[in-house]
Amino acid sequence: MYAQMVDTGTRVAGNELDAAEVRFQKRIDDGIRVEPQDWMPDRYRKTLIRQISQHAHSEIVGQLPEGNWITRAPSLKRKAILLAKVQDEAGHGLYLYSAAETLGISRDQMVDDLHSGKAKYSSIFNYPTLTWADVGAIGWLVDGSAIMNQIPLCRCSYGPYSRAMIRVCKEEAFHMRQGYDMLMSLCRGTPEQKQMAQDALNRWWWPSLMMFGPPDADSVHSEQSKQWKIKLFTNDELRQKMVDQTVPQAEYLGLTIPDADLKWNAERGHYDYGAIDWEEFYNVVKGNGPCNRERIATRKKAWDDGEWFREALVAHADKKSKSKLQAAA
Amino acid sequence: MKSEWALWEIFIRSQHGLAHRHVGSLHAPDAEMAINNARDVYTRRNEGVSIWVVKSIDIAASSPDDKAPLFDPANSKVYRHPTFFPMPEEVKGL
């Protein structure tokens, strides 16, 4: 999940929903989409700004681990594919920033919040891409998890968010497949190449499961988000879906999922899986993952280095519109 | 200096003969850059053959509060639809 632990704000105890909020909830229950100009409770607006901007930041920061391999892709074909994929991530970030802006926050404010550390992005992008196989594992597992989360969001209650999700999901399927395709090549290659794929799976498996966020028992904001239909399945439901879908895919590759407790549970009709190290997750969220500082430093540098260029484009646009006015006079 | 680029609404014509459709928005310093950016953001997979860009600020929109006065009157005018008039089956070409 690209948005983790989104705060839904706190309701003042004993404070009943007022009439407008009741009407609003009724519209959501009836499946009517909320559009930017419609009245909405302040908490709904703020929660969505947090959720959508966190999602957007994840797309943008998510370019970095893979972008790291563009110049080192093993063939021109893989390089072209990876370039297209990373460009898509930028596009996804832009669709989402636009959706968040319809709620009344400016683009610059969101960028500032990312750089200052006020806004979060998904914990998963704070892990390093050590080998080429990691790029495949990200497409397969990370984009796979993202799709799992994003497909239901195509039906979420906020119109601009749901429309952005529809565009993103269409493109995301390519991301997952190119990752799996890359791992198929490695697994059919030399023993060393297959080992490289196994090593990537070993390192990305658990962080991918953590992407869905804390267990349901510990997700304090889930209930409100579900009521507002900006979250349609719980963290554990989505995580289970991910495990069930991925185990046969790993078997096909001939890779072993690094979980000794993983086994099919015929009674439940699902795979049981081992305990997740939540301490690691919270540590990464707090900013102490392997790459947190590097990721934000890279984003800030790109923003700062581009400042003169952004300004130059504005100066050019001003000059052109002035000369147009003069010509018209 | 810090000035945020204007917001533009993007419309794409998907195939010849179809109308431009709103696809989303983006920031750009001028119309030319808005078209360039729209090409990259909204047409990476042959989605379009033509792009319109309009400054968001220049779009006038109806208010959600006006929904009833604007659109309710049409509800009672079912005779505007051809299905309102039952036609004898044996008569052709209607």
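Reader: Where in chain A is A:Lys229 found?

Author: In this predicted model, A:Lys229 sits in the loop that runs between helix 9 (222-227) and helix 10 (235-253) of chain A. Its phi is near 55°, which is a positive value in a residue other than glycine.

Reader: Why is A:Lys229 called partly exposed?

Author: The relative accessible area of A:Lys229 is 28%, and the class called partly exposed lies between the cut-offs of 20% and 50%, so A:Lys229 is placed in that class.

Reader: What makes B:Asn46 exposed?

Author: B:Asn46 has a relative accessible area of 75%, and exposed means over 50%, so the residue counts as exposed. B:Asn46 also has a positive phi, of about 55°, although it is not a glycine, and its place is in the loop between helix 1 and strand 3 (50-55) of chain B.

Reader: Why are A:Asp181 and A:Arg78 said to form a salt bridge?

Author: The side chains of A:Asp181 and A:Arg78 meet at 3.0 Å, N to O, and the rule asks for a side-chain nitrogen of Lys or Arg within 4 Å of a carboxyl oxygen of Asp or Glu, so the pair qualifies as a salt bridge. A:Asp181 belongs to helix 7 (residues 159-187) and A:Arg78 to helix 4 (residues 76-101) of chain A, so the pair ties together parts that are 103 residues apart in sequence.

Reader: How do you know whether A:Asp181 and A:Arg78 are buried or partly exposed?

Author: A:Asp181, with a relative accessible area of 30%, is partly exposed, whereas A:Arg78 has 10%, and buried means under 20%, so A:Arg78 is called buried.

Reader: What makes the pair of A:Arg203 and A:Asp134 a salt bridge, and which helices does the pair tie together?

Author: The closest N and O atoms of A:Arg203 and A:Asp134 are 2.7 Å apart, which is to be set against the limit of 4 Å, so this pair also meets the rule. A:Arg203 lies in helix 8 (residues 191-210) and A:Asp134 in helix 6 (residues 132-153) of chain A, so parts that are 69 residues apart in sequence are tied together. A:Arg203 is partly exposed, at a relative accessible area of 26%, while A:Asp134 counts as buried at 0%.

Reader: Why are A:Asp236 and A:Arg239 described as separated by about one helical turn?

Author: A:Asp236 and A:Arg239 are three residues apart in helix 10 of chain A, and that spacing is why their separation is given as about one helical turn. Their side chains meet in a salt bridge of 2.7 Å, N to O; A:Asp236 counts as partly exposed at 26% relative accessibility, and A:Arg239 as buried at 1%. Elsewhere, salt bridges that share partners join A:Glu66, A:Lys85, A:Glu89 and A:Asp143 into one network.

Reader: How many salt bridges are counted between chain B and chain A, and what makes B:Arg44 and A:Asp88 a salt bridge?

Author: The count between the two chains is six salt bridges, and the structure holds 23 over all chains. The side chains of B:Arg44 and A:Asp88 meet at 2.7 Å, N to O, and the rule allows distances within 4 Å, so the pair is counted as a salt bridge. Between chain B and chain A there are also twelve residue pairs in polar contact. On the side of chain B that touches chain A, helix 1 of chain B gives the largest share, five residues, and the residues of that side divide into eleven nonpolar, four polar and eight charged.

Reader: What area do chain B and chain A bury between them?

Author: Chain B and chain A bury about 2000 Å² between them, 49% of it on carbon and sulfur atoms, with 23 residues of chain B in contact with 24 residues of chain A.

Reader: How many salt bridges does the rule find across the interface of domain 1 and domain 2 of chain A?

Author: Across the interface of domain 1 of chain A and domain 2 of chain A the rule finds zero salt bridges, although five residue pairs there are in polar contact. The two domains, 19-288 and 290-328, bury about 1300 Å² between them, with 61% of it on carbon and sulfur atoms.

Key. Residues are numbered from 1 along each chain as its sequence is written. Chains are lettered from A and ligands numbered from 1 in the order in which they are written. This is a predicted model: local features need pLDDT of at least 70, side-chain atom pairs count only at pLDDT 80 or more; totals for chains, interfaces and linings use all residues. Side-chain values use heavy atoms; hydrogens and water are left out. Domain bounds come from an automatic or database domain assignment. Buried area is the accessible area (1.4 Å probe) that two parts lose on being put together, summed over both. A polar contact is a pair of N or O atoms within 3.5 Å; within protein, one must be able to donate a hydrogen and the other to accept it, and residues adjacent in sequence count only if both atoms are side-chain atoms. Contact means heavy atoms within 4.5 Å. Helices (H or I, at least four residues) and strands (E, at least two) are DSSP runs, numbered from the N terminus. Ala, Val, Leu, Ile, Met, Phe, Trp, Tyr, Cys and Pro count as nonpolar, Asp, Glu, Lys and Arg as charged, and the others, Gly among them, as polar. Buried means under 20% relative accessible area, exposed over 50%, partly exposed in between (1.4 Å probe, protein chains only).
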